[in-house]
Protein chains: 2
Amino acid sequence: MEEKLLTEAVPISDYRIDDSFWKQKIDMIHDTAIPYQWNVLNDRIKDAAPSHCIENFRIAAGLSKGEFQGRVFQDSDAYKWLETVGYILKRYQDPELMKTADGLIDLIVSAQQPDGYLDTYYIINGLDKRFTNVANNHELYCAGHMIEAAVAYYQGTGKRRLLDAAIRLAGCIDGRFGAEPGKLHAYPGHEILEMALVRLYHVTGEERFLNLAEYFINERGRSPLYFEEEQRKYGYPFFWKDSYFQYQYYQAGKPVREQLAAEGHAVRAVYLYSGMAAVAREKRDAGLHQACVRLMDDIVDRQMYITGAIGQAEYGESFTFDYDLPNDTIYGETCAAIGLVFFARRMLEIAPSRKYADVIERVIYNGSISGMSAEGTRFFYVNPLEVDPEACVKDEGKRHVKPERQKWFSCACCPPNLARLIASISSYASTRNDRQLFLHQYFGGTLRTGFGNSSLQIKSGFPWDGKVAVTVSGETKSYELVLRVPGWCTGYTLKINGEEADVPEREGYLSISRSWAEGDRIDLDFDMPVLVNYAHPSVREDVGKIAVSRGPVVYCLEEADNGKNLHRVFLNPGAEFAARQDDLLGGCVTLESDVSVLKDDGWGGSLYRADARPEFEARRAKWIPYYLWANRGVGEMLVWVHDGSFLKGNL
Amino acid sequence: MEEKLLTEAVPISDYRIDDSFWKQKIDMIHDTAIPYQWNVLNDRIKDAAPSHCIENFRIAAGLSKGEFQGRVFQDSDAYKWLETVGYILKRYQDPELMKTADGLIDLIVSAQQPDGYLDTYYIINGLDKRFTNVANNHELYCAGHMIEAAVAYYQGTGKRRLLDAAIRLAGCIDGRFGAEPGKLHAYPGHEILEMALVRLYHVTGEERFLNLAEYFINERGRSPLYFEEEQRKYGYPFFWKDSYFQYQYYQAGKPVREQLAAEGHAVRAVYLYSGMAAVAREKRDAGLHQACVRLMDDIVDRQMYITGAIGQAEYGESFTFDYDLPNDTIYGETCAAIGLVFFARRMLEIAPSRKYADVIERVIYNGSISGMSAEGTRFFYVNPLEVDPEACVKDEGKRHVKPERQKWFSCACCPPNLARLIASISSYASTRNDRQLFLHQYFGGTLRTGFGNSSLQIKSGFPWDGKVAVTVSGETKSYELVLRVPGWCTGYTLKINGEEADVPEREGYLSISRSWAEGDRIDLDFDMPVLVNYAHPSVREDVGKIAVSRGPVVYCLEEADNGKNLHRVFLNPGAEFAARQDDLLGGCVTLESDVSVLKDDGWGGSLYRADARPEFEARRAKWIPYYLWANRGVGEMLVWVHDGSFLKGNL
C-alpha cells in the first residue's frame, strides 16, 4: 500500500449535483421516495407488505403496547431512511422533513437502553437474550445501520443527538466484543458494522471504533468458529448444514485473508469487503488490502453480470462460482450491487484504479437503479437479465424473479438502500488527497475542490453523451487534476482552455498538473458509440450471445417494444445502431437496429426436426436502457441476445 | 374410436428377443440387476441407501419385530422386483430365482389381511388409519404395483398364488371405493392402479375391475375435490398450497376430460394417462380417448426432451409449461420416461400411429436406459441433457442433478421400474388384431404371429444399423403385415422375397397383405444417416443449438472424450460425421466430426469485452450415445451443442 496513492472521497457536502440525470433521481428521492417510505415504515400504504418498523420503536420506548413484528432486522429500515434524510437535508431546505426525522430520532433515543444497547427486537423480547444469536439475529447489523444513519444525519444537519446515541451504542458493543477475556470473541453475522465503525472513527476520531472494526475483521473465520460454538452452546440448528458453502454463507468459514473467492451471501460479502478495505486503508494493512484486491478481482473478472449485478443464486442469496452467470435464475439483489459500489469506492480510496471506477459506473447506471421504478414507488429485489413472465409463475426455480415491480417487501432492505445510495451518489464521483483531485465519474454540478475555496463547475452529458466541460472558479490553486477515461471509451478529445491537449493516458487516467485559475476550462469529449459486448468464453450462459451498451448504459429488449419471444432475436451481422434521445420514462437514449427473428410459421407442430433449418425474418428492434425495464407492464425482457454475426450469407 | 383399428400388444411370451442390443440388456437384468436389487431390498448392499422393504413385509406378517421403515410406498419396490422376475422367468429356466420369488410371494400373502387389504405401512402402524390419506399415502399405488406384479408373475410362471392375492386386494379396494353410498368417492393420489386394474380385468375377465378403473378416472378432479375434503376432514396441511399447480400436482384439479395440458407430477401424470387410454379402449370411450390424444400431443409436441425425458422441474417432479425445456435444471425422472412408454403403447393399441411408436423408440433408446449404468448396478433418477459437475455442487437449482450414478436411492422407484421395462421390452414392439400384425419396433428375435402357428424370424441391426430381415416360418396364413417406417428415416428399401417392392407408405407404415408361407422373406433397409436436429423456435434453451442423432439414438459430448468446457463447442457448418462401431461400454456406434471450439487464450482477464470477437480453434469431437453417458467417471456432458452452421466464412 503506497501512502501517496491514498485519497478520500469528496463528501456530498462538497459536490452539489445539478445535471439532468442524477438531479432528477435525487429530487425523486426527496419528493417521492422519502415520503413514500416514511408512510411504509408507519404502515400507511395499502396492499404493501406491512413494516411495523416505527411501531417496534414505540413499543421498545414504552410508548405503545404490543409485540415486535417484522424481521429481526426491521430497525434497519428506519436507519436507512434516516441516513437518506441526512444526505437529503444537506441539499434541500425542508424543515418539515427535518422535524419528522428529529421526531424519529427522539423516538429511537428513548428506546435506547442506559448502557447504550439498542435493538427493538431484544428490547421487546428480552434483554437477557441479547447477543445470544450473533450469527443470525442481526443486532450488530442494525447497529451498523444506526451508526451510518447517525454519521449521515450529523454531517447533513450538524445535529449530534443521533450521533451521540451511536457513540453510546458503539461503546456498548465495544464493551461486549473483543479479544479481552470475558468479551465475546465474535463478529457480525451480517456485516456492515465494520465499515460503519470506520465512518464513526472518521467523525469522532476515536480509535477504539477503528480497532473494534479491525478486531471483527481479523477474528472472523478463525478457528474455533464462533458461530459453530454459539450453535453448540445454545442448541441452535445450523440452517446451512446442507449447503455447499457452509459457514462461508457468512464469510466466516476461514480467516478473511485466506478467502480467495467471493462466496456466500452476496450482500454480506461485499459489506464485509467494504469494511476490510476501509480498515486496510486506515491501518495501512497491505495484507488485508491484497485480500481485498483478490476478492474484487474475483467478483469483477469472474462473478459479476454486465449490469453490475452480483449474487447468482437465490439459495442463500449467494455467489455461486466463477463464470457461473445464469441470466434467468439470477438473484442479483439490489443491495448486493449497492454494496459493490461501497467496496469499489473504498478500494479507489486506497489506490486509484480505473477498474474500480468502472465498476461503480457499471453498477450505478444499471444493476442498482433498476431496483426502483421510474416514479420511485415500485421496487425490485431481484434484478434479472432475462425474464419470461410465464416462467416466473410456473418454474419454481424462477419464482423469486418478479416480472413486475413490487410496492414493498416483507424483507425490505433494498428500497431504502437504493434511496441512500442515490441521495449520496455524489460521494462516489471524486476522490482527493493533498496533491490530487480525481474525477472518476462525470456528474454535472459544482465541486468544491478542497484546495482553498476553488471550485469546479462541471457540465456533463453523461450517461447519454460523452461531452464534459469543467470550468474552474475561485482562488488560483496548484494541484493535479486527474480525469478518468471510462473503460468503454473508444476515443476521446481533451481540450485545455480551448486547445487540444496531448496528455498521456496512464492506466485509464489523464493527469493535468497546473496552477488552476478562475475561468480555466477543460473540455472532454468521450466517444460514446454503441458497443456489442461479448462475455468471456467460460460464461456458459452467454456463449453465442451479445449484450449492447452505449457509454455506461447497458441496453435490453422489452416485449413492450419488440413483442414476445425475445429469445428468437438475433442481432444482425454488423448491425448499425441508430441512437436517439427519447422521451421514454423521463428521458433517455434509445437504440434501434436491424435484427433477424427466428420464424415459426413454417415449422409445423413437431418439437424436433432434422429436415428443416431455422428460418429468419428481418425486423427492426428497439433497445431501451436496462435500468428502465418493467416500467410499462408485465412482459419479457432480455439483455443477452443471440449473436447473429455468424448469420452472414444465411439470410 | 374405430373398432377396426384396435389392436393389442403381442405379449412377451410370443416375442423372444435374441438380438445383441436388447438380449444383452435383458441378460443384464437377469444376471445382475435382479440379484443386486434383491440384495438391496434385503439391505445387503454396503453404502447404498437402506431399503427395509422385505423386513417391512416380515414385520407385517408377524415374522419379525420392529417398526416400518422407508417411504410409505416402500412395498412397491418388492412388487416391481417380482414383476420383473415374472417377465424374466418366462424367458429363463431359473428354479433358484423362482424359489426366491415364491418365498417372497409367501411372505406377501402372509402379510395380507383377511379382507384382502395389503399395505405394510398401515398393517404395522394401525389398520384403523387405512384409506385416511388417499392423496399422499400411496396405498392404492402399492396395490397397483402388486397387481401388476401378480399379473406378470402369473403370465410368466402360470402360478396363481400372487394373482389370487391380487384379486382379493382389488376386491377389498372395490368394496371401499366407488359411487355407491358409504364408499369413498376417491381415487389414487399416485396413479397406476387404473392401468393395473385393466390388466387384472384382462387376465380374470372380471368386469368389476375394469369398472373400478373407470370410476377412478371419471371421479378424478370432480368438484368437490376429494383430496381437499380429505385434508379438511383430517386436518392435513396442503403441501402444494404455494405451488402454481395446486391439485393438478395429482392431476386432480379438474375432471380428466377437461385437462388440456400435461401438468403436475410427471410420473403420476403419465400413469394416469396410461390408465385413461386403457379404459378408453376397453369401454370404447371416444371422449376419453380424445383427452388422451390431446395430452399425448401436448407432451410430445411441446413438453418432451429429445431424449424422451419428461418432467422439466424438480419442484413437484413436475411438468412446467409448453416449450419450457431447460437442459441443466431438468428433472427427467427415469420413471416418467418409462410411464410415457406405457402411455404410448396403450395409445397404439387404440389406433396405430407412427407418432406413438416413435415416442416409444425415442424413450427406450435414450432417456429411460440412461437411468442405469452399463453394468446395471448404478442408477440415475434424474436424466439431464447438460451437466457441469461444479454446478451440481454449487448451484442449489442443480443439486438434484447428479453427475455420478448412485448405488440406490432412499426413494427407489426408478431402478426396479427400469428393470421391469427392460425385462418386458418385447411387449412394446408389436401389436395385432385378427387381421393385422404390426411391427412398430425392430427387435431381433422370434415372434409368434398369433395366426395359427406361424412365426417370424426377425434379424435386426437396430439401433446401430437399419437392416431388418423378416423370415416367415410355420403354417401358411393370410394376414396384413404392417411395418413401421421410423420418423427419423430419410429413405429405405423394401424387398419381398428378394425383389424390390413398391408398397405405398401410409402415415408411416408399410402394409403388405398376402398369404404368408414358410420361407417368405422381407428385407428392409432403413437409411440411418447422422441427423442434425433443431428444436422448435419456441424452445428458448435450444435456440442456436443442435442435437445429433443417428437412427433412434441421440448422441452427446462427454468430457471423457472432449475435455472440459463443452459449452464452447460449435458444430461446424455442414460437418461430416464418421460413424464407427466402437467397443465402448459393451459396444455401440460412436461418431466423430469437426467442431470449432471457442478459444480463451487470447481473451485476457476481462469478463466482458466489446473490442474482441470470439475466436475459434478447429478440433475433432467424439460423440457417444446419450444413454451411455456417466459410465467413465464424473465429467461434463452435453446434448444440445452450439450450432456452428452460421460460422461459415468466420473461421
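How many residues of chain B are in contact with chain A? Keep that in mind as you go through these close-ups of a predicted model.

**Figure 1. Where chain B meets chain A.** Here's the count: 63 residues of chain B are in contact with 63 residues of chain A. Put the two chains together and the area buried between them is about 5500 Å². Carbon and sulfur atoms give 60% of that area. Sorted by class, the side of chain B that touches chain A has 31 nonpolar residues, along with 14 polar and 18 charged ones.

**Figure 2. Charged and polar partners across the chain B and chain A interface.** Between chain B and chain A, the count comes to four salt bridges. One of these joins the side chains of Glu636(A) and Arg540(B), with 3.5 Å from N to O. The interface also has 20 residue pairs in polar contact, both residues being at pLDDT 80 or more. And which elements of chain B give two or more residues to the side touching chain A? They are helix H12 (286–303), helix H15 (389–394), strand E15 (530–535) and strand E21 (608–609).

**Figure 3. Strands that pair from one chain to the other.** Look for strand E21 of chain A, which covers residues 608–609. It pairs with E15(B) in the antiparallel sense, over two bridges. To find your way, start at Tyr608(A), whose bridge partner in E15(B) is Ala535(B). Now swap the chains: E15(A) and E21(B) also pair in the antiparallel sense, again over two bridges. In this pairing, Tyr534(A) has Arg609(B) as its bridge partner.

**Figure 4. Strand E15 of chain A and its partner within the chain.** Strand E15 (residues 530–535) of chain A also pairs with strand E16 (residues 545–550) of chain A. The two strands run in the antiparallel sense, and four bridges link them. Val530(A) is a handy place to start, since you can trace across from there to its bridge partner in E16(A), Arg550(A). As you follow a strand, remember that in a regular one the side chains alternate between the two faces of the sheet.

**Figure 5. Domain 2 and domain 3 of chain A.** The domain assignment splits chain A into domain 1 (27–428), domain 2 (430–526) and domain 3 (530–647). Taken over C-alpha atoms, the centres of domains 2 and 3 are 36 Å apart. Four residues of domain 2 are in contact with twelve residues of domain 3. The buried area here is about 660 Å², and carbon and sulfur atoms give 71% of it. Three names are worth picking out: Pro463(A), Trp464(A) and Trp488(A) supply 91% of the area that domain 2 buries against domain 3, more than any other three residues. How many salt bridges are there between these two domains? The count is zero. For polar contact, there is one residue pair, with both residues at pLDDT 80 or more. The side of domain 2 that touches domain 3 has three nonpolar residues, one polar and no charged.

**Figure 6. An open sheet in chain B.** Six strands of chain B line up in the order E1-E4-E5-E9-E13-E12, and their pairing is mixed. The edge strands are E1 (8–9) and E12 (505–506), each of which pairs on one side only. Further in, strand E5 (residues 436–439) pairs with strand E9 (residues 477–484) in the parallel sense, over four bridges. Try spotting Gln436(B), which stands opposite Glu480(B) in E9(B).

Key
Residues numbered from 1 in each chain as written. Chains lettered and ligands numbered in written order. Predicted model: local features only at pLDDT ≥ 70, side-chain atom pairs only at ≥ 80, totals over all residues. Heavy atoms only, no water. Contact = heavy atoms within 4.5 Å. Buried area = accessible area lost by both parts, 1.4 Å probe. Polar contact = N/O pair within 3.5 Å; in protein donor to acceptor, adjacent residues only side chain to side chain. Nonpolar A, V, L, I, M, F, W, Y, C, P; charged D, E, K, R; others polar. Pairing = 2+ DSSP bridges. Domains from an automatic or database assignment.
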